[in-house]
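Q: Could you take me through the empty spaces inside this protein, one by one? I would like a close look at what lines them.

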Amino acid sequence: MKKQIAILGSTGSIGTQALEVIEENPDLFEVYALTANNNDKLLVEQARKFHPEIVVIANKEKYAYVKEALEDLPMKVFSGSESISDVAEMGPIDIVLTAMVGYSGLQPTIHALKAGKTIALANKETLVVAGEIICDLAQKHRCAILPVDSEHSAVFQCLAGETSPIEKIILTASGGPFRGKSRDFLKNVTRAEALKHPNWSMGAKITIDSATMMNKGFEVIEAKWLFGVKPEQIEAIVHPQSLIHSMVQFEDGSIKAQMGLPDMKLPIQYAFGYPYRLKNNYPRLDFSTCKEMTFEKPDLEVFRNLAFAYDAMKKGGNAPCILNAANEIVVDAFLKERIGFLEMSDIIEQTMNRVAFIAKPTYEDYVATDRETRNVTLSIIKG
């Protein structure tokens with residue numbers, strides 16, 4: 001039986017690479033549903049190629065185009081974010097790949113878990129915002145959450161077959177395009193410069209998060225929930241070559257590392273095929289060409305977002321939710337060239353100090369916090 005896969009966010013970087021993995025393994029996987037936010041033309045191209053049962057365009061203004069473009073094919077077309085949540089629950093689906101950007105991935109993931117689906121998690125913000133709720137639902141409904149982020153997939157692979165307690169998780173970071181730069185240098189960084197990642201090809205939002213190291217901060221919070229460790233057991237280390245994707249240190253001092261060339265299709269394939277490794281023809285790491293592998297501590301004074309993430313994780317409650325919402329707003333403002341690179345961290349800090357802290361939030365509290373934080377952040381930008 002082929003695994004039926006729903007790709008939430010099929011037109012983004014992760015979604016398009018996931019479709020490549022499915023295309024390379026036609027005997028194992030089949031696309032059941034494709035969803036996108038705005039990219040209607042690419043969504044139509046994907047639907048015509050992979051023939052899913054369901055297609056959803058979140059932007060209702062683009063529904064008519066998608067519906068008409070696919071009317072000759074036997075598939076159902078829906079619109080609206082609520083339809084994405086509905087799709088995540090559908091019976092035939094075996095795996096839901098959550099590759100949506102930011103907070104938008106939270107509600108569909110909740111619906112998928114309540115329906116007992118296996119989650120291939122590429123949307124780290126889901127655990128950042130509401131990690132406790134997500135983990136409780138996964139346990140209650142006996143759902144597997146398989147990490148697709150390269151770092152968390154690496155940790156997951158290092159833990160396979162292990163029964164010994166984790167002493168420390170070591171998440172590697174490339175350092176982004178501005179590794180080693182000073183705050184004076186970063187004052188004048190442009191949008192184009194920030195979007196040039198040295199090792200990975202990703203969407204605009206996650207590329208900016210990598211440049212500010214907020215992405216690594218989110219991954220630190222995500223690791224806490226995925227692997228049940230304490231904040232002090234998670235270390236971020238800068239490894240510019242991106243050959244070691246992450247490591248686990250055990251209580252005897254031994255360290256296991258997962259290595260490979262930077263290629264997001266590897267963790268996607270591992271999640272889809274788990275617990276089996278699937279043969280592929282991807283480029284292999286040739287150690288004879290590796291001139292060096294270096295490691296250094298991240299500069300938390302220059303890249304303050306990583307420090308904010310550690311603080312929010314330790315504080316708990318709705319603090320990570322505030323962090324995420326503020327970050328989504330400032331990244332959007334930076335991409336629209338309304339604020340400077342360093343202003344992103346400054347505005348996040350101001351927002352964190354203004355939005356009310358809730359120690360034990362409900363889902364409704366998270367929704368209210370997200371809304372309030374966005375309004376506060378926007379007011380600071382306008383002010």
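A: Let's begin with helix α15, residues 341-354, which in this predicted model supplies three residues, the largest share of the lining of the second largest cavity. That lining is made up of T212, V302, F303, F341, L342 and S345. Sorted by class, four of these residues are nonpolar and two are polar, while none is charged. The space they surround comes to about 40 Å³.

From here we can move on to the other cavity, as a search of the whole structure finds two cavities of 30 Å³ or more. The largest cavity holds about 80 Å³ of space. Twelve residues line the largest cavity, and S150, H245, Q258, L266 and P267 are the closest to its centre. Helix α7 (150-159) gives the most to this lining, with four residues, and α12 also supplies at least two. The lining of the largest cavity divides into six nonpolar residues, five polar ones and one charged.

Now for the pockets. Keep an eye on Q258 and L266, since you will meet both names again: together with R277, N280 and R284, they lie nearest the centre of the second largest pocket, which is lined by 19 residues. This pocket has a volume of about 410 Å³. Helix α12 (265-273) appears again too, giving three residues, the largest share of the lining of the second largest pocket. Strand β11 (255-259) likewise supplies at least two residues there. By class, this lining has ten nonpolar, five polar and four charged residues.

The largest pocket has a volume of about 1100 Å³. It is lined by 50 residues, and those closest to its centre are A99, M100, V101, G203 and I206. Several helices and strands give two or more residues to this lining, among them α1 (13-24), β2 (29-36), α4 (81-88) and β10 (244-250). Helix α10 (204-212) is on that list as well, and α10 gives the most of all, with five residues. The lining of the largest pocket divides into 16 nonpolar, 26 polar and eight charged residues.

To finish, let's step out to the surface. M259, F287, M293 and F295 make a nonpolar surface patch of about 380 Å². You can find F287 in the loop between α12 and α13 (304-315). F287 counts as exposed because its relative accessibility is 54%, and the cut-off for that word is over 50%.

Key:
Residues numbered from 1 in each chain as written. Predicted model: local features only at pLDDT ≥ 70, side-chain atom pairs only at ≥ 80, totals over all residues. Heavy atoms only, no water. Patch = residues over 30% accessible without salt bridge, like charges linked within 9 Å, V, L, I, M, F, W, Y side chains within 5 Å. Areas by Shrake-Rupley, 256 points an atom, 1.4 Å probe, with all protein chains shown as cover. Salt bridge = Lys/Arg side-chain N within 4 Å of Asp/Glu carboxyl O. Buried < 20%, exposed > 50% of the residue type's maximum accessible area, 1.4 Å probe, protein only. 1 Å grid on protein atoms, 1.4 Å probe; cavity = no way out; pocket = protein on both sides within 12 Å on 5 of 7 lines; lining within 4 Å. Points joined across faces, edges and corners; volume = space filled by probe spheres on them. Nonpolar A, V, L, I, M, F, W, Y, C, P; charged D, E, K, R; others polar.
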